[in-house]
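Dear colleague,

I am passing on a structure that I have been going through, and I would be glad if you would look it over. My notes come after it.

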Amino acid sequence: MLAFVPPNETWPSGDKIPSNVEKDISSPISKDFAICSEYYRILLLEACLNYLATKWDDVVKIVDADMDRAAATGTALTVPDTISVFKLHQVLEAFGRRGCSERVRALWDLMDKDGDGLLNQVEMDEVVLMSIRPVENALDSFVRDCMGVWPLRRPIPENPHDSAKEEEEMHPEKKGRYQRWKEQRIEKKAEKTFLKLFHKAVKRHFEIDVEVAHRLRCCYAWAEKEHQEGKVNSILVDSSSAVDADGTHHDKTSSVGGNSTGGGGGGLFSGGRKRYVELDPKISYIEFRQVQKGIFPHLDRVSEELCNGFKEELWIIQGKRRQNAVLKRESLAFLIVVSLLDLGITLS
């Protein structure tokens with residue numbers, strides 16, 4: 001047995017606790033924690049791949065603002081049918097080994113199809129959602145898998161080597177058949193309720209509690225954008241645009257307010273139906289990051305936020321149950337008092 005040494009104290013010899021002894025003491029906890037962490041990372045990778053597979057069209061899609069910008073400069077855009085393997089590898093590495101901010105940065109580069117480091121507001125919103133949704137799915141799967149490790153309603157024994165409890169767990173047939181059936185039924189009902197509540201809390205936390213859409217609008221509006229000097233550019237676009245079979249977009253534009261005229265020709269009084277288009281400035285990751293730290297800090301701790309949201313949901317349910325119990329008790333007391341008064345009036 002090792003001698004007990006209080007925290008921040010030294011051994012009798014005057015030296016600090018040896019590193020090998022400290023490692024042996026903490027190894028039972030750190031080893032299990034490392035295994036759970038690695039398994040959670042695997043679930044994150046799986047959830048990321050599944051989510052990206054459903055969002056292929058959003059990744060390769062060319063937004064309307066980029067089409068109008070290309071038309072203003074006379075450039076023909078083609079919808080890509082492939083993505084960069086290097087950028088995809090960076091996304092998978094971020095989900096498998098790195099933190100929340102690195103995931104956003106890797107997805108930002110993946111959505112940046114022209115390589116200028118700038119994204120439109122729609123693309124920025126999509127990047128943030130793509131960094132949150134896989135974490136929600138992975139955490140939900142992780143909790144479901146944990147249900148199979150230890151029963152939900154059974155407390156964890158303080159001494160796992162207790163022979164009596166071990167004997168009871170290894171030989172459940174000693175209990176009656178009706179008792180075993182009743183315990184299994186209660187356990188299944190509790191697990192079903194718990195998983196349903198957890199899934200609901202995870203899916204609604206960022207959307208309703210955090211209000212991610214509102215925070216993203218504030219991040220984009222308050223960011224100091226250098227693109228277009230942070231101003232909205234207006235251009236006159238000829239609506240007689242065409243799309244080739246290979247996905248190439250052709251459009252005729254003419255500029256308004258000093259913008260360059262498109263290569264397709266067509267001045268302000270040229271034929272064809274025209275429409276005004278307002279092009280919002282793009283935003284870079286550095287500009288987004290500067291305002292996101294203050295407006296949307298939840299993005300740097302997605303898993304922690306989801307767990308805190310579930311904890312708050314449990315508190316709310318417990319509070320409602322206590323409130324309902326008090327209401328029932330007070331209602332019952334009120335009815336008893338009214339009945340006694342009515343009985344007294346009748347007898348008198």
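What follows covers the confidence of the model and then some of its salt bridges.

Please bear in mind from the outset that this is a predicted model. The protein chain has a mean pLDDT of 79, with 76% of its residues reaching 70 or more, and the confidence varies along the chain: helix H10, residues 285-295, stands highest at a mean of 94, while strand E4, residues 248-255, is lowest at 46. Two stretches deserve a separate mention in this context. Residues 1-11 have a pLDDT below 50, and in the model this stretch makes 11 contacts beyond its near neighbours in sequence. Residues 241-247 likewise fall below 50, with 12 contacts in the model counted in that way.

Turning to the charged side chains, the count of salt bridges comes to 16, and I describe a few of them here. One of them pairs Arg98 with Glu93, where the closest N and O atoms are 3.2 Å apart. The two partners fall into separate burial classes, since Glu93, at a relative accessible area of 18%, is buried, whereas Arg98, at 39%, counts as partly exposed.

Which residue does Lys282 meet in a salt bridge at 3.3 Å, N to O? The partner is Asp114, through its side chain, and the two come from distant parts of the chain, 168 residues apart: Lys282 sits in the loop between strand E5 (274-279) and strand E6 (283-284), and Asp114 in the loop between helix H5 (100-111) and strand E2 (118-119). Lys282 has a relative accessible area of 4% and is therefore buried, the limit being under 20%, while Asp114 is partly exposed at 48%.

Lys282 also forms a salt bridge with Asp116, with 3.8 Å between the closest N and O atoms. Because Asp116 lies in the loop between H5 and E2 and Lys282 in the loop between E5 and E6, this pair ties together parts that are 166 residues apart in sequence. Asp116, with a relative accessible area of 38%, is partly exposed. Through salt bridges that share partners, Asp114, Asp116 and Lys282 are joined with Asp66 into one network.

If you go through the structure yourself, the loops that carry Lys282 and Asp114 would be a convenient place to begin.

With kind regards

Methods. Residues are numbered from 1 along each chain as its sequence is written. This is a predicted model: local features need pLDDT of at least 70, side-chain atom pairs count only at pLDDT 80 or more; totals for chains, interfaces and linings use all residues. Side-chain values use heavy atoms; hydrogens and water are left out. pLDDT is the predictor's confidence in each residue, from 0 to 100. Helices (H or I, at least four residues) and strands (E, at least two) are DSSP runs, numbered from the N terminus. Contact means heavy atoms within 4.5 Å. A salt bridge is a side-chain nitrogen of Lys or Arg within 4 Å of a carboxyl oxygen of Asp or Glu. Buried means under 20% relative accessible area, exposed over 50%, partly exposed in between (1.4 Å probe, protein chains only).
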